[in-house]
Amino acid sequence: MKLSENKILITGGATGIGLSLAEKFLNEGNEVLICGRREEVLIEAKKKNPNLHIKRCDVSNETDRNKLYYWIKTEFQDLNILVNNAGIQREIDFTRGTADIEKAIEEIKINFESPVVLSSMFIPILRENENSAIINVSSGLAFIPLSIMPIYCATKAALHSFSISLRQQLKKTGIKVFEAIPPTVDTDLDKGARKARGQSDFGISPNETAEAIVNGLKNDEFEIAIGKAKFLINSSKTDFENIFSLMNKGN
Ligand SMILES: NC(=O)c1ccc[n+]([C@@H]2O[C@H](COP(=O)([O-])OP(=O)(O)OC[C@H]3O[C@@H](n4cnc5c(N)ncnc54)[C@H](OP(=O)(O)O)[C@@H]3O)[C@@H](O)[C@H]2O)c1
C-alpha cells in the first residue's frame, strides 16, 4: 500500500512500538494522530515530534472512545488508517482463584475488546477514504502461549483470528487488514515483571520493529511476522508440544 499522504491514528502511540511507528510514518510524509491514557507521555512525544496530533484517551473506556471518534469525525474526517497498537501485558495466576480477575478483565478490554470496537466505529470513515487500512498489533505469543500470562496470549490469539475474519469481510470495502506480529521488543510493556522474572533477553528495538512493519505494509504483506515471531508461527504448526514445554519450563 502507499505509505505517504495518509492520515493515521495509532492507539498507544506515545511510547514503544507505537511511537517508533508514528515517527516512521511522519518521516514518510503522513499525518499522524496518537492517543494514550497518560497526558504527560503524549506531551513528551509531541515535544519530540511537533507535527504529531495527540489525544488523551483510554481505549477501553466507552466515553473516551466516543470522544476520540468525535475528535476525528470533526477534525480529521479523511482518516484512512487505524493502528490498533495499545496493549498491556500482565502475569495472572489462576491458582489464586478470582484474586487476579479484575486485571484479567482489564487486559481483555484493552487488548481485544478495544480493537474490535474501534474497528467497528472507524470502518465507516475509512470506507469513505482511499488507500485505507486497519493494522492490528498482535504478538508471536498468539501462536505459542506463555502460561504465566494466559490472558495476554489469549487476547493476542483472538486478535489474530479476528484479523483473518475482518480481512475477509472487508475485502469488498477496499479496506486492507494487516496484522503485525512482533517478537519480544525492548519496550516498557510490563518491564517490571520481565526484570523480576530475571529475563535477560529484552528483544529487538522498537525502531527495528517499526521498520519491519513499514516494509511489510509497503509490500502488502498482510501478516507481518517479525524476527523470532516467525519461528513461533512455524513451530506452532510443526513442533508445538516441544516449543511450548521449552518456553514454559519451570512454570
Ligand atoms: N514489547 C513486546 O515485547 C511486544 C511483543 C509483541 C507485541 N507487542 C505489542 O505491541 C503493542 C505496543 O506495546 P509496546 O511493546 O510498544 O509497549 P508500550 O511501550 O508499553 O506501549 C503500549 C502503549 O499502549 C498504551 N495503552 C495501554 N493501555 C491503553 C489504554 N487503555 N488506552 C490507550 N492507550 C493504552 C500505553 O500508554 P498509556 O499507558 O499512557 O495508556 C503505551 O503507550 C502492544 O499491543 C503489545 O502487546 C509488544
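In which sense do strand β4 and β5 pair, and over how many bridges? Select residues 81–84 for β4 together with residues 133–137 for β5, and in this predicted model you will find that the two strands pair in the parallel sense, over 4 bridges. Within that pairing, look for V83, which stands opposite I135 in β5. To follow the chain from one strand to the other, add helix α4, residues 101–128, through which the chain crosses from β4 to β5 in a right-handed β-α-β crossover.

Stay with β5 and show its side chains: the strand is mostly covered, with 5 of its 5 residues buried. A133, I135 and V137 point one way from the strand, whereas I134 and N136 point the other way, and residues on both sides are buried.

Next, select residues 176–181, which form strand β6 and run parallel to β5, joined to it by 5 bridges. Here I134 of β5 stands opposite V177 in β6. Adding helix α5, residues 150–170, completes a right-handed β-α-β unit made of β5, α5 and β6.

Finally, turn to the ligand and select the 32 residues around it, of which G12, G16, R37, R38 and G87 come nearest. If you colour this shell by class, you will see 14 nonpolar, 14 polar and 4 charged residues. Two elements to highlight are α1, residues 16–27, and β2, residues 31–36, each of which supplies at least two residues of the shell; α1 gives the most, with 3 residues.

Methods: Residues are numbered from 1 along each chain as its sequence is written. This is a predicted model: local features need pLDDT of at least 70, side-chain atom pairs count only at pLDDT 80 or more; totals for chains, interfaces and linings use all residues. A residue is near a molecule or strand if its C-beta atom, placed from the backbone, lies within 6 Å of it. Ala, Val, Leu, Ile, Met, Phe, Trp, Tyr, Cys and Pro count as nonpolar, Asp, Glu, Lys and Arg as charged, and the others, Gly among them, as polar. A residue is buried if 20 or more other C-beta atoms lie within 10 Å of its own, exposed if 12 or fewer, and partly exposed in between; C-beta atoms are placed from the backbone. Two strands pair if DSSP finds at least two bridges between them. A crossover is right-handed if, with the strands pointing away from the viewer, the path from the first strand over the helix to the second runs clockwise.
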